[in-house]
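Please follow the strands and helices of this model in turn, looking at how they are arranged around one another.

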Amino acid sequence: MTHASALRLTPVEREAEAAIDALRQQLAASGATVDVVDYGAGTRGDRPPVRRVAEIYRRAATGPAWGRFLFGLARSLRPQRVLELGTNLGVGAAHFAGALAVTASEGGPSGRLVTMEGAPGLADRAAGHLRRLSHTVGDAESNRVRIVDGPFAETLADAAAEEGPFDLVFIDGHHQ
């Protein structure tokens with residue numbers, strides 16, 4: 001985290017990333033639980049379907065350095081359409097949405113993130129996290145973020161047809 005936090009950020013970027021860091025702290029300390037459906041490679045049948053949010057965050061959320069990288073990549077590329085496969089708790093999505101919001105606030109393109117998650121409980125949590133970070137979430141084109149819920153095999157083709165083409169694609173889930 002020390003290296004990631006040392007990256008040069010403008011004051012507006014620093015503010016966006018600080019909000020995500022606060023979310024990270026909340027997730028790491030959370031005692032809440034969520035129902036999880038696993039579709040990824042390495043899924044073991046011995047994992048309980050109800051898991052602690054803090055444990056999910058610790059094991060599978062986008063780390064700070066990787067998140068800063070995604071934020072910087074989206075700031076540099078200035079994409080209008082981003083696709084993320086594997087929303088999880090929404091931490092990676094928060095970096096993408098934050099970068100899109102900062103770019104739009106500076107007069108750049110008003111980008112849209114489509115993020116896909118197979119576990120309905122995680123998709124709902126991610127939507128709440130993104131809303132708390134002041135991102136609009138929903139199916140309407142005017143929303144910065146759309147979360148598509150369901151296995152990629154059942155949802156990806158329709159989402160790509162409806163929302164694509166994409167300027168940036170990040171594959172971080174359902175690792176089959």
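Two strands are counted as a pair if DSSP finds at least two bridges between them. The model shown here is a predicted one, and in it 4 bridges join strand E3 to strand E6, the two running parallel; within this pairing, Val82 stands opposite Leu168 in E6.

These two strands belong to an open sheet of 4 strands, ordered E5-E4-E3-E6 and paired in parallel fashion. Strand E5 (145–149) and strand E6 (168–171) stand at the edges with a single partner strand each, so one side of each has no neighbour in the sheet. From one strand to the next the twist averages 15 degrees. At the other end of the order, 5 bridges join E4 (residues 112–117) to E5, again in parallel, and Met116 stands opposite Val148 in E5. Helix H7 (residues 152–163) packs on the sheet, where it touches E3 (81–85), E4 and E5, and its direction makes about 170 degrees with that of E4.

In a regular strand the side chains alternate between the two faces of the sheet. Along E6, Leu168 and Phe170 point to one face and are buried, whereas Val169 and Ile171 point to the other and are not.

Helix H2 (residues 11–29) also has two unlike sides. Its buried residues are Glu13, Ala16, Glu17, Ile20, Asp21, Leu23, Arg24 and Leu27; they cover an arc of only 160 degrees around the axis, which puts them on the same side of H2. Their cover includes helices H3 (53–60), H4 (64–77), H5 (91–105) and H6 (120–132), while the face turned away from the buried side of H2 carries the exposed residues Pro11, Glu15, Gln25 and Ala29.

Note on methods. Residues are numbered from 1 along each chain as its sequence is written. This is a predicted model: local features need pLDDT of at least 70, side-chain atom pairs count only at pLDDT 80 or more; totals for chains, interfaces and linings use all residues. Side-chain values use heavy atoms; hydrogens and water are left out. Axes are lines fitted to C-alpha atoms, for helices over the stretch in contact, and angles run from 0 to 180 degrees between N-to-C directions. Contact means heavy atoms within 4.5 Å. Buried means under 20% relative accessible area, exposed over 50%, partly exposed in between (1.4 Å probe, protein chains only). The arc is that of the directions from the helix axis to the C-beta atoms.
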